[in-house]
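Hi,

Here's the structure I promised to pass on. Have a look at it first, then read on for what turned up.

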Amino acid sequence: MTDQRFNPLSADKRWQSRWAESGIFEADDQSPKPRSYVLEMFPYPSGRIHMGHVRNYTMGDVLARFRRMQGFEVLHPMGWDAFGMPAENAAMEKKVHPGEWTHANIASMRDQLKTLGFAFDWSRELATCDPEYYGQEQALFIDLFEGGLVYRKESAVNWDPVDMTVLANEQVIDGKGWRSGAPVEKRKLSQWFLKITDFAEELLDGLKDLKGWPEKVRTMQENWIGKSQGLQFHFALAEKQQDIDTVEVFSTRPDTIFGASFVALSADHPLAQQLAENDDKLAAFCEECKKSGTTAAELETMEKKGFDTGLKAVHPLDPSWELPVFVANFVLMDYGTGAVFGVPAHDQRDLDFARKYALPVTRVVAAKGDEDAPIHDEAYSGPGKLVNSRMLDGMEIETAQKTVIDRAQTEGWGTAQTTWRLRDWGVSRQRYWGTPIPIIHCETCGAVPVPKDQLPIVLPEDVSFDIPGNPLERHPTWADADCPKCGQAARRETDTLDTFVDSSWYFLRFASQPGDKPFDAETVQKWLPVSQYIGGVEHAILHLLYARFWTRALASIGKLDFSEPFESLFTQGMVTHETYKHGDGSWLSPDEVRKNGTDWEVIADGSAVTTGRVEKMSKSKKNVIDPDPIISQYGADAVRFFMLSDSPPERDLPWSESGIEGSWRFVQRLWRLFTSIADQAPNSGEDKALKRKLHQTIADVAEYIEGLSFNKAVAKVFELVNMIEKAAPSADRDTAIRNLAIIVAPMVPHIAEEAWALLGNDGLIAAQPWPEVDESLLVEDEVTIAIQVRGKLRDTITVAQGSDKSALEELALASQKVQRIIDGADIKKVIVVPDRLVNIVI
Ligand code: ANZ
Ligand code: ZN
């Protein structure tokens, strides 16, 4: 007699080893089958996996297993985004080498992932902190350097005073370092840059073709790249200031030129700086400006402040019109020209500013009927025609823009200009735990790339973390090097690469990892682009834009033959949990509290607990459920099933005890079905309805998995299981159960394998083809018939298609609702239209 309970404790391990031994998930580069590359964003090896990983990798795994069953050669790899600050922080706090810490974390997280039975090709596992990986990254960096896509520039950088490193603009969030949370300062440093701006136009255009990407991610990238078309022109200063006699501005709204009421300079603008030299008040104002934030959101919300320089700018279309020149805190130096002309009626920032400094507000664009409507506290940025604008009056905005631009170009005071928000990517980091930049600085030859045969430039092991700063810079010998060109003593670069470089090409290395080069282009071409990429929406800009850029950059220097790395992208929702707070304001973890009646209390001392919002699981709020004990308690399949079942995958999934228990019970229900036929002689007899349901389920589940609508696929499985449970023994019931094992195999692979073996099959269920659908069974052969009494709809009945007239008449008359209406009256006539309606005339 077969076990009445499915025991994941023994089954999970057993099947995981069988999969590993069989090598079934190792992708074959030579396979003649069609290919599918399923990739989830690789994790940072923080030490333990969290529920977000479990959800992310479960989704990818279901798709990967499903596509294999559909006949694809599937590449589904896993690796580690292993460089970065936390390892150095650990080194400082725990006195352990970053490498040791990282590798220990990788080992335990790999074990954890293995307990979930993911169908990864572990033979391709990589860690970005391994010299085999970062050495090839150094080679690619040199390729890009030689291709003219890398340059060095002294620039004002975002400096994180806590992590003591430079941050990319993308890593500054609300003026603070993305990791340390410390207010970011501006510093001048010589940095390596990648020319992502060379690709601005194609990165933008390429978005249009990414049909498999969420609209919101494409929009975020579009905004980040930020293409603006407009007019760059200058105002003459009424009085020349030393050698400066004009102020150059950039505007996307040259049509509003007659609504100008002031000119504003950034605090970093050369003219502002020059004036500040002789004006202490202005100098103090400029200092203050530099401290405030620079993000778009901050510029919107912060108080607009200005300093009237006393200078006057002459309007280019009217020499008698002079505008005051301010220095203003909302004008950025690194956008456009670092100066603007303000049009308060049509730009909110300008309006706030104008109100504060009592500057004129003149409407120059109006919707029909609004020509004389005054502007109050809201600037008008909508459509309309030009007013109060002399020769532009009556024109549409677009025509007016063209007119002003043409005139500026003819008269020589301005040119049409495209401005981008995107900046080149500063990749130098003053950190140890990253890819050493393979450059040697020579007094004579300048920056010289390390010859490729000397790669990898391996990080030194003997480093100390007892004081902040870059351990490579203070290492006694690391920087010593001979110039590869002239041989004289030179200095090795001590900066390492931004870790976002590491994740900008790992998907290529997964596809092909030769020892002597970064990848084999032909093999990469076979696998790429990634068919389905799955990860968090927090990477919508940074990682995804950089990866797109690297792919295009490598293509531009002939290393690759395609330009977009990810054909489809899916951004999954987060796993959330209620939060708990103690009276003293400290957060409590779910296992420190319990419900007592309707209130919550601390288990240890019974003191009161307030419950807070359901939020993304995070260490800081302690609302974290560790997957490990859950997996050991319920088994991998129940955990996987819960991750798929409760919420649409793009939405948040609130973790719940009852949810995981429900999944556990469902796994056991499956097991009862499998065992119900395992010990019996095959049944005979038909069950047409169940047969039809099976084939509908095969078709629906396939469609839903392919569309990543896992919760819908699960719902279909539920329906089938319910129907099988109610069905009487029959050959069709046996068949349904056998097929059920295959249908659920991508979701709950361990119990599926166990069932497959139990039902007397050889081989692995993971290697089975997805069941064929009998299309003829999908045809709906039931119809809904309207039942009318004297032409009025009173009821409907569902019957087999083609039911005969007398059967329909009988069913119609038996309807309770109809009986109530007839109420004993004489029936004069019954009109039956087969498959349509029955009308009873009384
Ligand atoms: C006049 C004007 C009138 C503007 C109007 C807007 C509305 P986007 O679309 O983001 O490119 N601007 C230009 N350079 C700036 C800088 N360095 N710092 C802050 N603001 C700057 O924005 C372009 C508009 O932002 C430009 O068009 C300019 O204001 C402002 F009804 O010029 B506009
Ligand atoms: Zn030299």
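Before we get to the pocket, one bit of vocabulary: Ala, Val, Leu, Ile, Met, Phe, Trp, Tyr, Cys and Pro count as nonpolar, Asp, Glu, Lys and Arg as charged, and the others, Gly among them, as polar. Also keep in mind that this is a predicted model.

With those classes, the lining of the second largest pocket splits into eight nonpolar, six polar and five charged residues. The space in this pocket comes to about 320 Å³. Its lining has 19 residues, and the closest to the pocket's centre are Gln-16, Trp-19, Ala-20, Lys-114 and Trp-122. Two elements give two or more residues to that lining: helix 1 (8–22) and helix 4 (98–114). Helix 1 supplies the largest share, five residues.

Now for the metal. What holds the zinc ion (ligand 2)? Its protein donors are the SG atoms of Cys-442, Cys-445, Cys-483 and Cys-486, which lie 2.2 to 2.3 Å from the ion. The site is tetrahedral, with angles of 107 to 114° among the four donor atoms. Along the chain, the donors follow the spacing C-x2-C-x37-C-x2-C. Cys-445 sits in the loop between strand 21 (439–442) and strand 22 (446–449), and Cys-483 in the loop between strand 23 (480–482) and strand 24 (489–492), so this pair ties together parts that are 38 residues apart in sequence.

Are these two buried or partly exposed? Cys-445 counts as partly exposed because its relative accessibility is 25%, while Cys-483 is buried, at a relative accessible area of 3%.

Cheers

Notes:
Residues are numbered from 1 along each chain as its sequence is written. Chains are lettered from A and ligands numbered from 1 in the order in which they are written. This is a predicted model: local features need pLDDT of at least 70, side-chain atom pairs count only at pLDDT 80 or more; totals for chains, interfaces and linings use all residues. Side-chain values use heavy atoms; hydrogens and water are left out. On a 1 Å grid over the protein atoms alone, a cavity is a set of points where a 1.4 Å probe fits but cannot get out, and a pocket is an open set with protein on both sides within 12 Å along at least five of seven lines; lining residues have an atom within 4 Å of a point. Grid points are joined across faces, edges and corners, and a volume is the space filled by probe spheres set on the points. Helices (H or I, at least four residues) and strands (E, at least two) are DSSP runs, numbered from the N terminus. Donors are N, O and S atoms within 2.8 Å of the metal (3.2 Å for Na, K and Ca); water is not among the atoms, so sites may look incomplete. Four donors count as tetrahedral if all angles lie between 85 and 135 degrees; four count as square planar and six as octahedral if opposite donors are over 155 degrees apart and all others between 65 and 115; anything else is irregular. Buried means under 20% relative accessible area, exposed over 50%, partly exposed in between (1.4 Å probe, protein chains only).
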